[in-house]
Amino acid sequence: LDSFNQWWWNVRDVRTGTIGWVEQISVALLSGSGTLPPSEWLANDVVRVKRSVPFVWLRDTPSSNGFVVTTFRPRTELIITGTYQYDGVQNWWPVGQPRTTNLGWVEEASLEFVRR
């Protein structure tokens with residue numbers, strides 16, 4: 001608590017390792033899965049197909065017109081392999097399925113963050 005009755009937190013940016021102080025009113029606690037917004041997803045983050053989605057197609061290009069490589073069921077975990085691309089309608093994330101050769105693109109609305 002400082003002289004202006006504000007609380008400050010010592011924090012570290014997990015992406016850069018930068019350490020500093022942030023006023024409490026400027027931060028929000030993130031806990032559990034599905035809490036990191038897509039705007040903060042990075043390569044090597046783990047995401048999964050949302051439970052509310054009956055299935056999702058892995059496509060060979062970032063487009064609804066792309067060839068379907070395979071189909072994933074709800075809660076399938078995937079690893080982000082790069083940055084998203086916007087096709088004029090929605091964001092597409094390049095992903096891979098662990099322990100397989102399945103690589104391609106999945107539309108963002110079907111995914112949720114799991115862990116970094």
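**A walk through an all-strand chain**

Hi everyone, let me start at the very end of the chain: Arg116 is partly exposed, with a relative accessible area of 40%. Before I go on, please keep in mind that what you see above is a predicted model.

So, who does Arg116 pair with? Its salt-bridge partner is Asp45, and the closest N and O atoms of the two sit 2.9 Å apart. This pair links distant parts of the chain, 71 residues apart. Asp45 belongs to the loop between strand S2 (19-23) and strand S3 (46-49), while Arg116 is in the segment after strand S10 (111-115). The Asp45 end of the pair is buried, at 2% relative accessible area, whereas the Arg116 end, as I said, is partly exposed at 40%. As a general reminder, side chains of opposite charge can pair when their charged atoms come close.

Now let me step back to the whole chain. How many helices and how many strands does it have? The answer is zero helices and ten strands. If you read the elements from the N terminus on, you simply get β-β-β-β-β-β-β-β-β-β. There are 116 residues, and 30% of them count as buried. Looking at contacts with a separation of 6 or more, 48% involve residues 24 or more positions apart. On the outside, the chain exposes about 7,700 Å², and 54% of that area comes from carbon and sulfur atoms.

Back to the salt bridges. The count for this model comes to three, and you have already met Asp45 with Arg116. Another one is made by the side chains of Arg48 and Glu112, at 2.7 Å from N to O. Arg48 is in strand S3 and Glu112 is in strand S10, so this pair ties together parts that are 64 residues apart in sequence. Arg48 counts as buried, with 11% relative accessibility.

Then we have Arg115 with Glu77, where the closest N and O atoms are 3.2 Å apart. Because Arg115 lies in strand S10 and Glu77 in strand S6, the pair ties together parts that are 38 residues apart in sequence. Here Arg115 is partly exposed at 42% relative accessible area, and Glu77 is partly exposed too, at 31%.

Next, I would like to zoom in on strand S8, residues 91-96. Is it buried or exposed? Six of its six residues are buried, so the strand is largely enclosed by the rest of the structure. You can check that face by face. On one side you find Asn91, Trp93 and Val95, on the other Trp92, Pro94 and Gly96, and all of these are buried.

Which strands pair with S8? Let me take them in turn. Strand S6, residues 77-80, pairs with S8 in the antiparallel sense over two bridges, and in one of the links Ile79 has Gly96 of S8 as its bridge partner. Strand S7, residues 85-86, is also antiparallel to S8, again over two bridges. There, Gln85 has Trp92 of S8 as its bridge partner. S7 and S8 form a hairpin with four residues between the strands, and in it Gly88 takes a positive phi near 95 degrees.

After S8 comes strand S9, residues 103-107, running antiparallel to S8 and joined to it by five bridges. Val95, for instance, is partnered with Gly104 in S9. These two strands form a hairpin as well, with six residues between them, and Arg99 in the turn has a positive phi of about 65 degrees.

That same loop between S8 and S9 holds Asn102. Asn102 is buried, since its relative accessible area of 18% falls under the 20% cut-off. What does its side chain touch in a polar way? It makes a polar contact with the side chain of Gln97, at 2.8 Å. Leaving aside neighbours within four places in sequence, the residues in contact with Asn102 include Leu58, Val69, Thr70 and Phe72, as well as Val95 and Gly96.

Last stop, the surface. Trp7, Trp9 and Val11 form a nonpolar patch there, with about 330 Å² of accessible area together. Of these residues, Val11 lies in strand S1, residues 8-12, and is partly exposed, with a relative accessible area of 33%.

Thanks for listening!

How values were computed
Residues numbered from 1 in each chain as written. Predicted model: local features only at pLDDT ≥ 70, side-chain atom pairs only at ≥ 80, totals over all residues. Heavy atoms only, no water. Buried < 20%, exposed > 50% of the residue type's maximum accessible area, 1.4 Å probe, protein only. Pairing = 2+ DSSP bridges. Polar contact = N/O pair within 3.5 Å; in protein donor to acceptor, adjacent residues only side chain to side chain. Contact = heavy atoms within 4.5 Å. Areas by Shrake-Rupley, 256 points an atom, 1.4 Å probe, with all protein chains shown as cover. Patch = residues over 30% accessible without salt bridge, like charges linked within 9 Å, V, L, I, M, F, W, Y side chains within 5 Å. Salt bridge = Lys/Arg side-chain N within 4 Å of Asp/Glu carboxyl O.
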